[in-house]
Amino acid sequence: MKNNELNERRLQATPRGIGVMCDFYADRAENATLWDVEGNEVIDFAAGIAVLNTGHRHPKIIAAIEKQLQSFTHTAYQIVPYESYVRLAERINERVPINGPTKTAFFSTGAEAVENAVKIARAYTKRPGLITFGGAFHGRTFMTMALTGKVAPYKIGFGPFPGSVYHAQYPNALHGVSTADALQSLERIFKADIAPDQVAAVILEPVQGEGGFNVAPGEFMHELRALCDTHGILLIADEVQTGFARTGKLFAMEHYNVQPDLITMAKSLAGGMPLSAVAGRADIMDAPAPGGLGGTYAGNPLAVAAAHAVLDVIDEEKLCARAAALGQHLVEALNTAKANCPYIADIRAQGSMVAVEFNCPSSGQPSPEFTRQVQSKALAQGLLLLSCGVYGNVIRFLYPLTIPDAQFRKALEIITHSLTR
């Protein structure tokens with residue numbers, strides 16, 4: 001097979017709305033390496049968009065899935081339950097940064113997790129309103145599109161969206177939004193759009209993913225928690241991208257000493273298998289009536305088996321500590337490159353959730369053009385990078401945390417060369 005032949009078939013067989021970044025097609029993968037159908041090798045710093053913190057085809061995950069295959073592949077948990085689901089919920093309940101009794105429900109995608117967190121919050125509070133933030137990404141379903149704070153390409157042509165959703169400002173020092181500004185934007189929503197006693201939840205990413213890896217300041221997170229407590233509003237942490245060791249902690253909220261009421265998770269939870277979850281305070285999680293939560297494939301047994309293996313690998317291979325160490329090395333390399341790359345406007349990091357933002361040196365405006373050039377140069381040298389940000393001028397680094405040291409050093413050399421040549 002040839003990449004160009006497959007691309008022609010794709011254009012004929014699939015709709016243009018499914019945007020595809022690469023013009024090559026995967027044939028096989030191992031840890032942090034992809035090979036295409038023509039045998040070309042690529043270092044994978046995309047990891048399926050943060051899905052593969054434990055790398056491609058980790059042996060323990062493969063073994064767990066194969067073992068489950070010998071028993072059963074599907075019963076629908078709501079019809080015939082199975083112990084592995086219950087045990088995984090117990091393990092998640094022990095690890096989420098929420099004091100007191102907690103409960104967990106499993107679903108299939110990150111968007112499903114967010115949708116169900118909204119359902120749970122509304123059922124518990126008996127309120128309709130939701131507040132999220134500019135630059136947020138929460139999914140592609142109608143409710144999660146409404147929550148998402150980035151128009152192109154996610155919301156164009158799909159409205160109208162569900163109501164009672166309001167967007168506050170997310171702190172971003174580079175773009176002139178302070179913690180005080182963000183908090184004032186919440187107060188303006190309470191004055192101009194919806195009374196606080198009608199707001200069910202505030203939902204935010206502790207580190208914005210698609211928005212550009214913007215890290216919530218500690219002061220902001222504490223003030224937000226206090227604001228929610230004052231008005232009886234639930235705080236939902238969307239950890240779909242930040243979870244499972246990416247930031248140097250199992251969950252990013254552990255960096256803040258602030259407890260959310262609900263946490264959504266997906267992506268690296270099951271090492272490439274489709275699984276998501278909502279965890280939270282037991283009294284809140286129990287608000288929906290029996291049958292109000294679920295889904296035909298929710299908590300698929302193969303994905304649940306993979307998730308057990310993921311948790312084991314994170315602990316056994318100390319991936320939280322490794323995320324912190326790798327992230328530090330990457331930030332050091334980016335700071336060194338900055339001296340010879342005037343387009344670098346900001347470097348942001350929490351553990352291995354690292355990003356670099358590019359602005360035009362002469363105008364100070366976002367430079368998606370330079371971002372694309374860096375991606376192209378890196379890919380020509382065998383390194384796959386992803387962009388993000390409201391203006392498309394940010395590169396995010398999402399390598400598997402299991403990447404071999406020598407391969408990581410090679411990738412840093414490619415990044416430096418792509419930034420400074």
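This report walks through one strand and its neighbours, then the salt bridges, in a predicted model.

**Strand β7 and its neighbours**

Let's start with β7, which covers residues 199-204. How many of its residues are buried? The count is 6 of 6, so the strand is mostly covered, with buried here meaning under 20% relative accessible area.

β7 has a pairing partner in β5, residues 129-133. The two strands run parallel and share 3 bridges. If you want a spot to look at in the viewer, find leucine 130, which sits opposite alanine 201 of β7.

β7 also pairs with β8, residues 234-238, again in the parallel sense, and here 4 bridges do the joining. One place to check is isoleucine 203, whose bridge partner in β8 is isoleucine 236. To get from β7 to β8, the chain passes through helix α8, residues 218-231, and this β-α-β crossover is right-handed.

**Salt bridges**

The model has 15 salt bridges. Three of them are set out here, with the distance between the N and O atoms.

| Acidic residue | Basic residue | N to O distance |
|---|---|---|
| Aspartate 286 | Lysine 103 | 2.9 Å |
| Aspartate 229 | Arginine 225 | 2.8 Å |
| Aspartate 405 | Arginine 322 | 2.9 Å |

Take lysine 103 and aspartate 286, whose side chains meet in a salt bridge. This pair links distant parts of the chain, 183 residues apart: lysine 103 belongs to strand β4 (residues 102-107), while aspartate 286 is in the loop between α9 (282-285) and α10 (301-316). How accessible is each partner? Lysine 103 is partly exposed at 36% relative accessible area, and aspartate 286 is partly exposed too, at 45%.

The bridge between aspartate 229 and arginine 225 takes us back to helix α8. Both residues lie in that helix, 4 residues apart, or about one turn. Is arginine 225 buried or exposed? Its relative accessibility is 13%, and the cut-off for buried is under 20%, so arginine 225 counts as buried.

Then there's aspartate 405 with arginine 322. Aspartate 405 is in helix α13 (residues 405-420) and arginine 322 is in helix α11 (residues 319-338), so their salt bridge ties together parts that are 83 residues apart in sequence. Both ends are partly exposed, with aspartate 405 at 42% relative accessible area and arginine 322 at 22%.

Some salt bridges share partners, and in this way Arg225, Asp229, Asp261, Arg281 and Asp283 are joined into one network.

Terms used
Residues are numbered from 1 along each chain as its sequence is written. This is a predicted model: local features need pLDDT of at least 70, side-chain atom pairs count only at pLDDT 80 or more; totals for chains, interfaces and linings use all residues. Side-chain values use heavy atoms; hydrogens and water are left out. Buried means under 20% relative accessible area, exposed over 50%, partly exposed in between (1.4 Å probe, protein chains only). Two strands pair if DSSP finds at least two bridges between them. A crossover is right-handed if, with the strands pointing away from the viewer, the path from the first strand over the helix to the second runs clockwise. A salt bridge is a side-chain nitrogen of Lys or Arg within 4 Å of a carboxyl oxygen of Asp or Glu.
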